[in-house]
Amino acid sequence: MFPSKANKLILRLGWQFQRRRHGDVAMGKRSTGSGSSRLVLGIETSCDETGAAVVSETGAILGESLHSQKEVHLRTGGIVPTVAQQLHREHIERIVQEALERSGVAPHQLSAVATTVKPGLALSLGVGLEFSRNFVRRHRTPFIPVHHMEAHALTVRLLQPVSFPFLVLLVSGGHSLLAVARGVDDFLLLGHTLDEAPGDTLDKVARRLSLAKHPRCSTLSGGQAIELLAQDGDRLQFPFRTPMGQTYDCCFSFAGIRNQVNMTIEKKEAEEGIERGTLLPCVNDIAAATQHTVACHLAKRTHRAVLFCKANKLLPSLEPTLVLSGGVASNQYIRKALGIIAEASGLRLLCPPAKFCTDNGVMIAWNGVERLREEKGILPPDADVSYEPKAPLGTDLTSRVKAAAIRVPPIRINIS
Ligand code: KG4
Ligand code: ZN
């Protein structure tokens, strides 16, 4: 765990000396084109991507490397934590080495190492943390523990100027949340999923449909496969119900959508005399209807969050912004659905490109830069840090949102 109060003071004094020393080294010796900018190495291992990147204080991505375990987990039909751990162990050293080599930066030139320590799979987080702790101890580099969802939320600021506060919807394989980002480490949580995350739902539906056997989908994640097939499908063939219509808050629930889809699949299999594990002819229509229902649910809850923010003056009147990120935000249909809500409520919608929506080392390095600039959560190399598989983001306002019981005017999500 984090050090006690007394230890913290001692560590802080020691660390201030260290930081000056490292800042000087970085400023004095670097000649990689980023001037006197401080440099952060980011390391990501919270789920099934081993990522590393070096990012400068000015936001230049100097070098990055990523190893995805997607294909292995597709074969086993889901992430097996021990397999994920083993693969992180096998690749982390090479990935970090590659990121450093591509950036032309030596370890002693780094101002900090930032690593995801929460939330995520315990066994995966443990590999990144152990590697990072050894690295920072060896090179006497300050350490910045990173909250994975904070990093997803802030990535957009690496790519374009976006000032606080802004509303953010984060949707991935492990998370679904709506929050107001008021500062680097200052979030108001408006809503979260009550059961599973939308990426998890799409992955499970894709598995139930055996999309790994589909010639166009064999190397795609469940969410990608659903998006691809949905393009040729007719969503109106399966009018699934959008959940939580009578619950006037901003929380999400996706398990009910999955149950509806599963029941439809079973019915269709029985009707067509097709065995489970064989591709259904109506697979495109089911994909389209599933994607549409997930998109509508996200859009409605986000619309309520926008209205809550407006009623409570949580967003600026000048250029209020909605940021959409996380792996599921790569989905163009979901982006368009959120675009409809943003336009109807006068917000600008910003989504990082797909490569920055899914997990990567760049977003962690950038989170490190943001924290370095604000001098927040920077620890000395010897600090005792633990990983936390479960970690909520920010101050929980979900009860206040529920109590406000805001009714959302109907908006048609009609996307061709
Ligand atoms: O953020 P991420 O890389 O890892 C987590 O932190 O979970 O997100 C991975 C999730 C997976 O569930 C995957 O199916 C989903 O994002 N995903 C998509 C798309 N690309 C990835 N979902 C829908 N449409 C996509 N194009
Ligand atoms: Zn993620």
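Here is a short chat about a predicted model with a zinc ion and a second ligand.

Colleague: Before I look at any sites, what is the mean pLDDT of the chain?
Modeller: Keep in mind that this is a predicted model. Of the chain's residues, 92% reach 70 or more. The mean pLDDT of the chain is 91.

Colleague: And over which residues is the pLDDT below 50?
Modeller: The stretch in question does have 45 contacts in the model beyond near neighbours in sequence. Still, where pLDDT is low, the predicted coordinates should not be read in detail. The stretch below 50 is residues 1-34.

Colleague: On to the metal: which protein donors does the zinc ion (ligand 2) have?
Modeller: Along the chain, the donors follow the spacing H-x3-H-x206-D. They lie 2.1 to 2.2 Å from the zinc ion. By name and atom, they are H148 (NE2), H152 (NE2) and D359 (OD).

Colleague: How many residues apart are H148 and D359?
Modeller: H148 sits in helix α5 (residues 148-159), while D359 is in the loop between α11 (354-357) and α12 (361-374). Both H148 and D359 are buried. The pair links distant parts of the chain, 211 residues apart.

Colleague: Now ligand 1: which residue puts a polar side-chain atom 2.8 Å from one of its nitrogen atoms?
Modeller: There are 19 residues around ligand 1, and G173, D203, G223, E227 and G327 are the closest. G327 uses a polar backbone atom, 3.0 Å from an oxygen atom of the ligand. The side chain of N331 has an N or O atom 3.1 Å from a ligand nitrogen. The side-chain atom at 2.8 Å belongs to E227.

Colleague: What share of the area that ligand 1 exposes when taken alone does the protein bury?
Modeller: Taken alone, ligand 1 exposes 550 Å². Helices α5, α6 (198-208) and α7 (222-230) each give two or more residues to the shell around it. The share the protein buries is 91%.

Colleague: Is Q69 buried or exposed?
Modeller: Q69 lies in the loop between β3 (61-68) and α2 (70-76). Leaving out residues up to four places away in sequence, Q69 touches C47, D48, T50, A84, L87 and H88. Its relative accessibility is 0%, and buried means under 20%, so Q69 counts as buried.

Colleague: Which residue's backbone oxygen does the side chain of Q69 reach?
Modeller: A84 is among the residues that Q69 touches. The side chain of Q69 comes to 3.2 Å from a backbone oxygen, and that oxygen belongs to A84.

Terms used:
Residues are numbered from 1 along each chain as its sequence is written. Chains are lettered from A and ligands numbered from 1 in the order in which they are written. This is a predicted model: local features need pLDDT of at least 70, side-chain atom pairs count only at pLDDT 80 or more; totals for chains, interfaces and linings use all residues. Side-chain values use heavy atoms; hydrogens and water are left out. Donors are N, O and S atoms within 2.8 Å of the metal (3.2 Å for Na, K and Ca); water is not among the atoms, so sites may look incomplete. Helices (H or I, at least four residues) and strands (E, at least two) are DSSP runs, numbered from the N terminus. Buried means under 20% relative accessible area, exposed over 50%, partly exposed in between (1.4 Å probe, protein chains only). Contact means heavy atoms within 4.5 Å. A polar contact is a pair of N or O atoms within 3.5 Å; within protein, one must be able to donate a hydrogen and the other to accept it, and residues adjacent in sequence count only if both atoms are side-chain atoms. pLDDT is the predictor's confidence in each residue, from 0 to 100. A residue is near a molecule or strand if one of its heavy atoms lies within 4 Å of it. Accessible areas come from the Shrake-Rupley method with a 1.4 Å probe; for residues, only the protein chains shown count as cover.
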